[in-house]
Amino acid sequence: MPLLNRRLRAALLATASATLVAATLPAPEPLGIGDRLFPELGNPGYDVLAYDIAFTYRGGNTEPLDAVTKIRARTTASLDRINLDFARGTVRGVEVNGLAADFGSKSEDLIVQAPRRLPAGVPLNITVRHTSDPSGSGDDGGWVRTADGLAMANQADAAHRVFPGNDHPSDKAYFTFRITAPEKLTAVAAGLPAGKVRHGATTTWTYRTEHPMATELAQVSIGSSAVLHRTGPHGLPVRDVVPAADRKKLEPWLKKTPAQLEWMEKQVGRYPFETYGVLVADSPIGFALETQTLSLFGKSFFTEPGYPEWYVDSVMMHELAHQWFGDSVSPTSWSDLWLNEGHASWYEARYAEENGGGTLERRMREAYRLSDGWRADGGPPAHPDGPVPGQKLSLFRPVVYDGSALVLYALRQEIGESAFDRLERTWVRVHRDSTASTADFTRLASGIAGRDLTAFFDGWLYGGKTPPMPGHPDWSSAKPA
């Protein structure tokens with residue numbers, strides 16, 4: 001596309017129908033940080049410290065929201081241009097350190113020309129005025145349309161379908177959300193409330209996180225919601241957000257959360273965040289999601305009579321366990337996903353065992369039987385195959401769930417329960433509010449076990465075939481179909 005000056009670009013913006021308007025950038029290109037599974041995700045050259053994101057919702061959940069995303073960052077390399085992940089919305093203007101900046105787009109990147117060359121180690125403040133469009137939401141994530149509004153489901157790489165940013169879990173940051181919505185609706189977001197201001201027929205709700213968060217874990221809910229409060233361990237504020245009409249129907253499930261928090265704290269230590277709760281969306285989503293401090297569930301998960309109580313309880317525990325494993329300790333790369341899902345599935349299985357859902361050993365023996373097939377279909381736990389093109393949620397295969405919990409079972413068999421429990425507690429303490437990799441886990445486990453476990457982990461995490469199970473020489477794996 002030929003170069004455009006700012007005046008011409010402004011004229012085009014007034015009538016533009018394109019998702020992102022190209023500006024005065026020669027050959028903008030997506031960069032990415034080279035994640036094996038999502039090569040163009042994330043951006044080099046800067047570290048985001050904080051996001052301040054304002055959404056204006058007018059009441060139609062298929063209409064674009066007006067939005068302003070402010071990013072406070074620091075350069076880690078010399079930059080002439082700044083790449084942001086952003087894929088679904090119209091960009092109306094960009095400022096860098098208070099100066100108007102030219103911008104363009106390529107693939108799922110917004111590329112911004114810095115007003116001047118920025119050296120490494122200096123503050124970087126970016127303001128993007130844009131829309132956030134829920135109309136194209138679907139299996140690729142982003143906004144989830146509900147019967148009465150919107151919620152977010154940004155995993156694995158869909159936050160940039162909602163707001164521009166550095167959409168990779170390795171770059172965690174603090175978040176402030178400011179949501180303006182019609183007065184009759186309720187807006188809730190990750191973190192704690194930090195203000196509520198009425199403006200005639202609308203209200204602006206502000207929330208802030210007290211701990212850094214990966215973009216894929218951000219949550220904003222807008223709808224005809226009831227916000228229910230109770231108290232968890234150590235006075236922890238527990239906040240549930242549910243369709244107002246269903247609050248009584250859902251209460252038998254929601255009241256379980258304080259005891260579930262206590263159970264998890266007995267396993268791995270104190271809850272790592274400022275609040276927790278369940279967000280129930282009136283939407284036919286077929287999954288639950290560990291959005292930080294406010295886990296997302298579809299309403300039918302709690303109202304479907306075919307689900308036994310122990311199963312619902314255990315899935316609630318799965319998402320709660322993620323607050324430690326995946327949220328507080330986030331993966332360095334998406335190949336480290338097994339550390340999230342394997343641990344959440346491990347505590348899900350243990351909780352189910354204690355609440356009528358069958359023994360852990362039986363579940364792990366069945367996982368062992370299927371493990372070779374899972375590895376053949378989706379790769380080994382720490383080197384999973386990439387998602388099917390156009391189906392990004394296909395990354396979440398059985399091998400990263402029970403196939404990865406099986407690795408933890410084998411590890412406990414190998415080093416003993418006492419060392420394993422110490423490893424789990426140490427892992428979430430040492431890496432709290434940070435990111436960690438498979439190599440970090442291997443190193444810590446070896447240190448606690450007092451011997452090099454590299455060969456053990458190589459087979460269990462990277463092998464095409466499942467190694468023999470320590471302590472269970474009779475366990476066998478079915479031949480892959």
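Where is the place of Ser 107? Ser 107 sits in the loop between strand S6 (103-106) and strand S7 (109-118), and the last close-up returns to this loop. This is a predicted model, in which local features need pLDDT of at least 70 and side-chain atom pairs count only at pLDDT 80 or more, while totals for chains, interfaces and linings use all residues. Residues are numbered from 1 along each chain as its sequence is written, and side-chain values use heavy atoms, with hydrogens and water left out.

**View 1. Helix H6 (residues 337-354) and its cover.** Helices here are DSSP runs of H or I with at least four residues, strands are runs of E with at least two, and both are numbered from the N terminus. The expected span of a helix is 1.5 Å times one less than its number of residues. At 1.5 Å a residue, the 18 residues of H6 should span 26 Å, and the end C-alpha atoms are indeed 26 Å apart. Most of H6 is covered, with 16 of its 18 residues buried (buried means under 20% relative accessible area, exposed over 50%, partly exposed in between, using a 1.4 Å probe and protein chains only). After H6 comes Gly 356, which has a positive phi near 90 degrees.

**View 2. H6 against helix H8 (residues 402-415).** Two packed helices are described by the angle between their axes and the distance between the axes. For H6 and H8 the angle is about 75 degrees and the axes lie 7 Å apart (axes are lines fitted to C-alpha atoms, for helices over the stretch in contact, and angles run from 0 to 180 degrees between N-to-C directions). That makes H6 roughly perpendicular to H8, a label for angles of 65 to 115 degrees. On the H6 side, Trp 338, Gly 342, His 343, Ser 345 and Trp 346 meet H8 residues including Asp 402, Leu 408, Tyr 409 and Arg 412, where contact means heavy atoms within 4.5 Å. The contact residues split into six nonpolar, four polar and two charged (Ala, Val, Leu, Ile, Met, Phe, Trp, Tyr, Cys and Pro count as nonpolar, Asp, Glu, Lys and Arg as charged, and the others, Gly among them, as polar).

**View 3. The S9-S10 hairpin.** Strand S9 (residues 142-146) has four of its five residues buried, so the rest of the structure largely encloses it. S9 pairs with strand S10 (residues 149-153) in the antiparallel sense over five bridges; strands count as paired if DSSP finds at least two bridges between them. Two residues separate S9 from S10 in this hairpin, and Arg 145 stands opposite Leu 150. In the loop between S10 and strand S11 (174-182) you'll find Ala 156; the peptide bond from Gln 155 to Ala 156 is cis, with omega near 5 degrees.

**View 4. An open sheet of eight strands.** The order is S5-S4-S8-S2-S1-S11-S14-S13, with mixed pairing. Strand S5 (99-101) and strand S13 (192-199) are the edges, each pairing on one side only. From one strand to the next, the twist averages 20 degrees. Inside the sheet, strand S4 (residues 91-96) and strand S8 (residues 123-132) run antiparallel, joined by five bridges, and Val 94 has Val 128 as its bridge partner.

**View 5. Two loop residues with positive phi, Asn 97 and Ser 107.** Asn 97, in the loop between S4 and S5, has a phi of about 50 degrees although it is not a glycine. Asn 97 is partly exposed, at 33% relative accessible area. Back at Ser 107, phi is near 55 degrees, and the residue is exposed, with a relative accessible area of 53%.

Conventions: Angles under 35 degrees count as roughly parallel, over 145 as roughly antiparallel, 65 to 115 as roughly perpendicular and the rest as oblique.
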